[in-house]
Structure formats: structure tokens, C-alpha cells
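The following exercises ask for a close reading of one structure. Each task is followed by a solution that proceeds step by step.

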Amino acid sequence: MAKINSNYLLLPNSYLFAEIAKKIKAYQKANPKADIIKMGIGDVTHPLTNSIVTAMEKAAKEMAESSTFRGYGPEQGYDFLVNAVINGEYKSRNIDIAPDEIFISDGSKCDIANIQEIFDINSTVAITDPVYPVYLDSNIMAGRSGRLNDKGYFEKIIYMSSTKENNFKPSFPAKHADLIYICSPNNPTGAALTKAELKSWVEYALENKSIILYDSAYSAYIQEEDVCGSIYEIPDAKKVAVEFKSFSKTAGFTGIRCAFTVVPKELYAFDDMGNKVALNKLWNRRQTTKFNGVSYITQRAAEAVYSEQGMKETKEVIKYYMNNAAIILCGLKQAGFEAYGGVNAPYIWWKIPDGIKSFDFLDILLEKYQIVGTPGSGFGPCGEGYFRLTAFNSQEKTKEAMQKIYKAASN
Ligand code: MLT
């Protein structure tokens, strides 16, 4: 008799964004004429830029010629992209990263969900509350969570509350955590750790022999000087942190799929006998077994992001989205609401009126105003009372949404 992995039964019924997509689909079906303004899932809307498309066309043509056709590529990524990443992301920040510390992949979501499997099943895990659900769900699936209590918390997970009182920047875990997930700039709150704050996390991890799983998917949106574009800007971070970066939000690759994970060679965890084991070696072993690399065409597209013209185009698109973020932040404040984030991230964390549950607020916004956002409680109990809006729609639609909200709040 085949038995299931019963940890799956501990999961919420559906993945947050799948649940919201289902709701939108049902509403659209019942109201085919409704022009829904989507500010829910953090999905980009701006088309790929010229440099990227030109690189893809060229690569596609190479695939059509027997002399330049390519089959399987290296599981860790082609050298041309690995080198472009080193130059574009790390040398430019005076950080030394070796080519074999970079692992090109098809997305940070997959990497950050998969990374937990190279750690002991009894590792203790700390996450922020609210949190990008993948960190939690992947550890539930693996069997590290324990049961859900009636307050909405899993008994073995260490939660670090991110609230208005701490500017959505949590304090260190209340008890020892082997693995600490940090996302900065943060999804969903939009808060970004300053260099000094990030330094204190690295020092904490060094002292406590913890490993930081650092989700840096939104680093391209950083506008403020004292926020790091990479955790490795902090001395000794290579001894404690894995960094995840993605082309999804940086260059519009949510549908193309390309990202990379940095596992420094000086990063160690321990075996049952207390011997040090390099995580780079384990992640390489995992990837070569379970992953066959990203398509050649996609990697050429990602390489083009770091060309001079590519960087210029990408910056323009980000500027466009961040202008939307400013419109949302300002619009919500003018309508009399508290709102956070939106300065170093494409997410705005909106304090909704007291007494309304954030999932009910989703229904109200959709049904009355045809606007979609993401209920804060979907990211964790501390998200209750908040609602996340994204800056990824067009400027026209973003303004329209803010006008509707302003009008509704003034009535
Ligand atoms: C989000 O909306 O939180 C993200 O788009 C989801 C993701 O990147 O997987």
C-alpha cells in the first residue's frame, strides 16, 4: 500500500497565490465585462526589453544550426552567464565570488524551497511573520513544522514578528535557530534592512552558528544608499549566508524563468559526528542529480541583462514600477490610510480599517471596485489587518485603482 507524505496534510488547503487566482477566475467568469485591476501576485507586466529579446532571437537561431546547436548545458549554468553575474552583481560591489559558488537555476522560488533538503530534518527554522509562504510551506512538507496551533502558528517553527512597532524589522529569534530565512527588501512588507541591521544579523549568525537563507529577489528595487544589494557586502557573510537572486522582478523573467543562488565555499554545516561539511558541495550534488540546467536561450537572455544597454533598459523599467509604488504609497496616505514599504521594494503594505479581516477585504475590493491585492493574513498571523498591493501594473491602471480607493474612502 503506497502511503503519502502526511506532512502535506499539515499544509493550508492551497498555496496563497493559487487561492487568489482561483477567486479572480471565478469572479471574471461571473462578470465577464469586469476590468479587474490586478495588484495581487507580484507578477511583472512590462514586456521584455530589446536587448533581452535580441539575445533570445540570436540564441534561438544558433539552436537552429547543427554547428551551434546545444543539448544539455552545465547544471550550474553556462560560463558566459556565471561570469556576467560575477561582474554585474558582485565585482561591481567589490565582492569576490568564484564561478563555482554560483548556481544558475530556473527560479529563486524553487531554490529557496529546495535548499532545506540539504539540512538535517531536526534543524530548527526561524521565519518572519508575515513571510513569503514558500519558506514555511517547504519546511512543513519536509516535516520540520510540527502541528498548527489555534493561533495559526506551527509549533516547531520559530516566528519573528514583523510589526509596525518594530518597523517590520524583526528582532533575533527568541530561541536558537539553525536556519534563518531573511528577505530584504521584504516580501510582503516592503521593509528593507539597513547595512547596519544586516551586519547585526550576520554577527548573530556567526555567534550562534546559524545559517541565513537570504532572499534578495528584490535587490534591483533598492533606492536608498544604506541598504545592501547583496548580503556579501557585510564582512564574513560568506561564512553564514546563502544568497538567492532572481531575474524575475529584476528583468521581467517571471515567465522566462532564470535565477541564481550563491553558496560560498567557506559556508559549512555539520554532520552527525560534528565534522564540518561544505554546503557548496552538497548543493552541487543536489543540483546535478535533480536539475538539468536552464535553457541556453534563457541564459543568453539573462546575460543580456548585464550588457550596458541591458542595464540601462532594466533600470528604466524598474523606475517605472517604482513610480507606481510612489503613486500607491502617496494615494493611500492621501486617502487617510497608513501604508508602508514601496521605497526599496515594489510592495506596499496597507493598514486596512480596523475590524475587517484581510481576506474579507479582498472580497470587498474585488466585488465593489474590481481591484485585487493580497490579504496580509495569507503571509502569517501578524499580517492580519494588512493588505499587500504591488506596483507591477501599468501606471494608468495604478492611478485608476488609487482614484477608486480615494473616492471610496472619502464617501
Ligand atoms: C509574490 O507575489 O509574492 C511573488 O510574486 C511570488 C513569487 O515570486 O513567487
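**Exercise 1. Locate Lys 209 and Phe 168 in the predicted model, and decide for each whether the residue is buried or exposed.**

Solution.
- Step 1. Lys 209 belongs to the loop between H6 and S6. Its phi is near 55 degrees, a positive value in a residue other than glycine.
- Step 2. The relative accessibility of Lys 209 is 62%, so this residue counts as exposed, the cut-off being over 50%.
- Step 3. Phe 168 is found in the loop between strand S4 (158-161) and S5. Phe 168 also has a positive phi, about 60 degrees, although it is not a glycine.
- Step 4. With a relative accessibility of 7%, Phe 168 counts as buried, for which the limit is under 20%.

**Exercise 2. Describe the peptide bonds that lead into Pro 130 and Pro 185, and place both prolines.**

Solution.
- Step 1. The bond from Asp 129 to Pro 130 is cis, and its omega is near 5 degrees. Pro 130 sits in the loop that runs between strand S3 (125-129) and helix H5 (133-142).
- Step 2. The bond from Ser 184 to Pro 185 is cis, with omega near -10 degrees. Pro 185 sits in the loop between strand S5 (179-183) and helix H6 (195-208).

**Exercise 3. Characterise strand S7: which strands does it pair with, and in what sense?**

Solution.
- Step 1. S7 comprises residues 241-246, and six of its six residues are buried.
- Step 2. Cover is present on both faces of S7: one side carries Ala 241, Glu 243 and Lys 245, the other Val 242, Phe 244 and Ser 246, and all are buried.
- Step 3. Strand S6 (residues 211-215) pairs with S7 in the parallel sense, over four bridges. In S7, Val 242 is the residue opposite Leu 213.
- Step 4. Strand S8 (residues 259-262) pairs with S7 in the antiparallel sense, over four bridges. Here Ser 246 stands opposite Ala 259 in S8.

**Exercise 4. Analyse the surroundings of the ligand: which residues form its shell, and why does the ligand lie between two domains?**

Solution.
- Step 1. The residues that surround the ligand are Phe 17, Ile 41, Gly 42, Lys 109, Tyr 132, Asn 187, Lys 249, Tyr 347 and Arg 388.
- Step 2. Sorted by class, this shell holds four nonpolar, two polar and three charged residues.
- Step 3. Oxygen atoms of the ligand take part in polar contacts. One such distance is 2.5 Å, to an N or O atom in the side chain of Tyr 132. Another is 2.7 Å, to an N or O atom in the side chain of Arg 388. For Gly 42, the partner is a polar backbone atom, at 2.6 Å from a ligand oxygen.
- Step 4. The ligand taken alone exposes 270 Å², of which the protein buries 86%.
- Step 5. Domain 1 (13-42 + 310-410) and domain 2 (53-306) both contribute residues to the shell, and therefore the ligand lies between them.

**Exercise 5. Classify Phe 103 as buried or exposed, and state how far it is from Val 372 in sequence and in space.**

Solution.
- Step 1. Phe 103 is part of strand S2 (residues 102-105).
- Step 2. Its relative accessibility is 2%, so Phe 103 counts as buried.
- Step 3. Phe 103 and Val 372 are separated by 269 residues in sequence and by 35 Å in space, C-alpha to C-alpha.

Note on methods. Residues numbered from 1 in each chain as written. Predicted model: local features only at pLDDT ≥ 70, side-chain atom pairs only at ≥ 80, totals over all residues. Heavy atoms only, no water. Buried < 20%, exposed > 50% of the residue type's maximum accessible area, 1.4 Å probe, protein only. Helix = DSSP H or I, 4+ residues; strand = E, 2+ residues; numbered from the N terminus. Pairing = 2+ DSSP bridges. Near = heavy atom within 4 Å. Polar contact = N/O pair within 3.5 Å; in protein donor to acceptor, adjacent residues only side chain to side chain. Areas by Shrake-Rupley, 256 points an atom, 1.4 Å probe, with all protein chains shown as cover. Nonpolar A, V, L, I, M, F, W, Y, C, P; charged D, E, K, R; others polar. Domains from an automatic or database assignment.
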